[in-house]
Amino acid sequence: MREPDGERTSVTQRAVESVKAMIAAGEVGPGERLPTERDLSARLGVSRSSMREAIRALTTLGVLEARHGAGVYVTALRPADLLETFSVLAEVSQGRTLLEVLQVRRMLEPAATALAAARADDAQLERVGALLERMDGQDGEPDTFCADTVSADLGFHQAIVESTGNATLAAINEGLSSRTFNARVWAGHREAGLTAKLREDHVLIHEALVARDPDAARAAATTHVMRVERWLGADLARQSP
């Protein structure tokens with residue numbers, strides 16, 4: 001059985017949905033072996049080539065994994081694995097789409113930071129504090145930054161979200177973060193002599209977390225994301241013809 005290319009795409013998508021339905025129904029669970037390609041092809045009434053493409057697509061999405069010589073297995077279905085392809089969004093987005101990514105962060109980060117203020121344990125707060133210290137400027141100058149500043153900034157926010165205990169939220173937050181964009185933000189604020197403002201935002205967030213004050217944490221995180229969002233909006237306007 002061989003389908004034309006256009007029809008094969010539709011058939012492959014149906015096969016993808018059928019395998020996902022099997023997993024959702026508990027017919028095959030995390031860590032368990034999927035029926036063979038031949039058996040699935042016969043069961044779903046699709047060609048083996050379409051079934052192969054469906055398995056390849058689900059492998060790319062982190063739902064399945066091929067084990068050499070052992071067959072195809074359902075992964076652990078961890079949020080970080082399933083949302084891994086989502087992480088490309090922030091890295092490749094430009095212009096208006098990048099602004100939309102920040103607007104989504106403005107919806108999620110303040111809520112996550114407030115939740116972290118209520119849930120983070122002492123060890124998690126110490127980790128956040130250590131990352132804050134790494135954001136110090138080169139040679140103590142407030143309007144400089146280096147690669148480690150960018151790394152520490154990303155780690156700071158990710159550590160906060162991870163301290164909520166919500167793995168799905170942490171995976172989404174990581175997907176909305178971009179090292180390239182973060183470096184651009186610090187560079188832009190340095191050129192304007194405003195990196196001290198970014199550091200002040202982080203200090204206020206950390207203080208609210210240590211005080212275990214969800215309302216203050218939410219407000220500080222909102223202020224920070226809005227500052228970056230306004231900067232990007234102005235930067236995009238300057239670049240417009």
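## A polar contact in the loop after H8

A polar contact is a pair of N or O atoms within 3.5 Å; inside a protein, one of the two must be able to donate a hydrogen and the other to accept it. Keep that in mind for Thr164, since a polar atom of the Thr164 side chain sits 2.6 Å from the backbone oxygen of Val161. One caveat up front: what you're looking at is a predicted model.

Where does Thr164 sit? You'll find Thr164 in the loop between H8 and H9. Is Thr164 buried or exposed? Thr164 is buried, with a relative accessible area of 2%.

## Salt bridges around H12

How many salt bridges does a search of the whole structure find? The search turns up 14 salt bridges. Two of them are a good place to start if you're looking at helix H12.

Take Asp235 and Arg184 first: their side chains meet in a salt bridge, 2.8 Å from N to O. Asp235 belongs to helix H12 (residues 214-239) and Arg184 to helix H10 (residues 179-191), so this pair ties together parts that are 51 residues apart in sequence. Asp235 counts as buried, because its relative accessibility is 11% and the cut-off for buried is under 20%. Arg184, at 29% relative accessibility, counts as partly exposed.

Next comes Arg227 with Asp201, another salt bridge, this time at 2.7 Å from N to O. Here Arg227 lies in helix H12 and Asp201 in helix H11 (residues 195-210), so the two link parts that are 26 residues apart in sequence. Arg227 is partly exposed, with a relative accessible area of 21%, while Asp201 counts as buried at 3% relative accessibility.

## Other salt bridges

Which residues are joined into one network by salt bridges that share partners? Those are Glu37, Arg48 and Arg52.

Asp81 pairs up with Arg78, and the closest N and O atoms of that salt bridge are 2.7 Å apart. As for its surroundings, Asp81 is partly exposed, with a relative accessible area of 21%.

## The hairpin

Now for the strands. E1 (residues 64-67) and E2 (residues 71-74) pair in the antiparallel sense, over 4 bridges. If you want a landmark on this pairing, look at Glu65, which stands opposite Tyr73 in E2.

What links the two strands? The hairpin of E1 and E2 has 3 residues between the strands, and Gly69 takes a positive phi near 75°.

## The largest pocket

The largest pocket has a volume of about 170 Å³. Its lining is made up of Ser87, Glu91, Ser151, Leu154, Gly155, His157, Gln158, Asn173, Glu174, Ser177, Ser178 and Arg179. Helix H8 (147-162) and helix H9 (167-175) are the elements that give two or more residues to this lining. H8 gives the most, with 5 residues.

How do the residues of the pocket lining divide by class? The split is 1 nonpolar, 8 polar and 3 charged.

## The cavity

Rolling a probe the size of a water molecule over the atoms shows where empty space is left. In this model there is 1 cavity of 30 Å³ or more, and the largest cavity has a volume of about 110 Å³. Its lining takes in 13 residues, and those nearest its centre are Arg105, Asp153, His157, Asn182 and His224. You may recognise His157, which also lines the largest pocket.

Which elements give two or more residues to the lining of the largest cavity? They are helix H6 (95-119), H8, H10 and H12. H10 gives the most, with 4 residues. By class, the cavity lining has 6 nonpolar, 4 polar and 3 charged residues.

## A glycine between H1 and H2

One last stop is Gly29, in the loop between helix H1 (5-24) and helix H2 (37-44). Gly29 is buried, with a relative accessible area of 13%. How far is Gly29 from Gln103, C-alpha to C-alpha? Those two atoms are separated by 36 Å, and the residues are 74 apart along the chain.

Key. Residues numbered from 1 in each chain as written. Predicted model: local features only at pLDDT ≥ 70, side-chain atom pairs only at ≥ 80, totals over all residues. Heavy atoms only, no water. Salt bridge = Lys/Arg side-chain N within 4 Å of Asp/Glu carboxyl O. Buried < 20%, exposed > 50% of the residue type's maximum accessible area, 1.4 Å probe, protein only. Pairing = 2+ DSSP bridges. 1 Å grid on protein atoms, 1.4 Å probe; cavity = no way out; pocket = protein on both sides within 12 Å on 5 of 7 lines; lining within 4 Å. Points joined across faces, edges and corners; volume = space filled by probe spheres on them. Nonpolar A, V, L, I, M, F, W, Y, C, P; charged D, E, K, R; others polar.
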